[in-house]
Amino acid sequence: KIYLKNGLVHIFTVGKYEQRKNLLMMAEVIGELSANYNVRLTIAGECSTGFHREYYKKLKDYVEKAGLNDKVTLLQNLSRIEMNRLYAETDLFVIPSTLEPASISQLEAMAFSIPVICSNTNGSACYVKSGHNGFLFEDNNKDDLKEAVEKVIKDRKLLVQMGQNSYQDIKNNYQFANYFEGIMECVRYLEG
């Protein structure tokens, strides 16, 4: 994996265009950090309902008014191939959403050797070990999210190491064979 292409930190966020995903908060964080760091944020989300389109417009308006058009890219309804291309180009993956039941996208990011930042209420937060393969931030706390992102982007060696740790965690612990073995252990236990 090639990190920090063209000297930029490429940050990727995935989520439906809706309030709970905290995409506006993420754009605000990038706006603040871009004053001191060479960062770019790409948001890819589902935009299939009136509510999604309304939130997308609100977010797009914010990006334009804040002068972040060259820092934040908003994409809609991407194919799996397009998503994989974006993961391959990503240096840091962030899930800013609140009360996320369980995020599969963070495991996808880890499989692409990407460090992950998510909230402490994310149902899949157990996959992120702070300082090892990413960081957790306090749910709905913009300052804490900003601090977590800054920890990663200011230390490029840490970013690369955490990305490599993400991949190793996927390879060693989260393959289907591990899941299957866990299920078989349960079956053997129940069979006595």
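Guide: Buried means under 20% relative accessible area, exposed over 50%, and partly exposed in between (1.4 Å probe, protein chains only). This is a predicted model, where local features need pLDDT of at least 70 and side-chain atom pairs count only at pLDDT 80 or more, while totals for chains, interfaces and linings use all residues. Residues are numbered from 1 along each chain as its sequence is written, and side-chain values use heavy atoms, with hydrogens and water left out.

Visitor: OK, let's start with Cys118: is it buried or exposed?

Guide: Cys118 sits in strand β5, residues 116-119 (helices, H or I of at least four residues, and strands, E of at least two, are DSSP runs numbered from the N terminus). Its relative accessible area comes out at 0%. That is under the 20% cut-off, so Cys118 counts as buried.

Visitor: Which residues does Cys118 touch, leaving out those up to four places away in sequence?

Guide: A contact here is heavy atoms within 4.5 Å. Leu24 is 94 residues from Cys118 in sequence and 15 Å from it in space, C-alpha to C-alpha. The contact list for Cys118 is Ile95, Gln106, Ala125, Val128, Phe135, Leu136 and Phe137.

Visitor: How many disulfides does the structure hold?

Guide: You'd need a pair of cysteine sulfur atoms within 2.5 Å. For the whole structure, the disulfide count is zero. Take Cys118, which is in no disulfide: the nearest cysteine sulfur belongs to Cys126, and the distance to it is 8.9 Å. So with that 2.5 Å cut-off, the number of disulfides is zero.

Visitor: And what is the relative accessible area of Cys47?

Guide: Cys47 is another buried cysteine. Its relative accessible area is 6%.

Visitor: How many of the eleven residues of helix α1 are buried?

Guide: Helix α1 spans residues 23-33 and is largely enclosed by the rest of the structure. Its buried residues are Leu23, Leu24, Met25, Met26, Ala27, Val29, Ile30 and Leu33. Out of eleven, the buried number is eight.

Visitor: Which residues is Val39 in contact with, beyond its neighbours within four places in sequence?

Guide: Val39 lies in strand β2, residues 39-45, and is buried with a relative accessible area of 0%. Setting those sequence neighbours aside, its contacts are Val9, Ile11, Ile30, Ser34, Lys71 and Ile153.

Visitor: What is the distance in space between Val39 and Val9, C-alpha to C-alpha?

Guide: In sequence, Val39 and Val9 are 30 residues apart, yet Val9 is on the contact list of Val39. From C-alpha to C-alpha, the distance is 4.7 Å.
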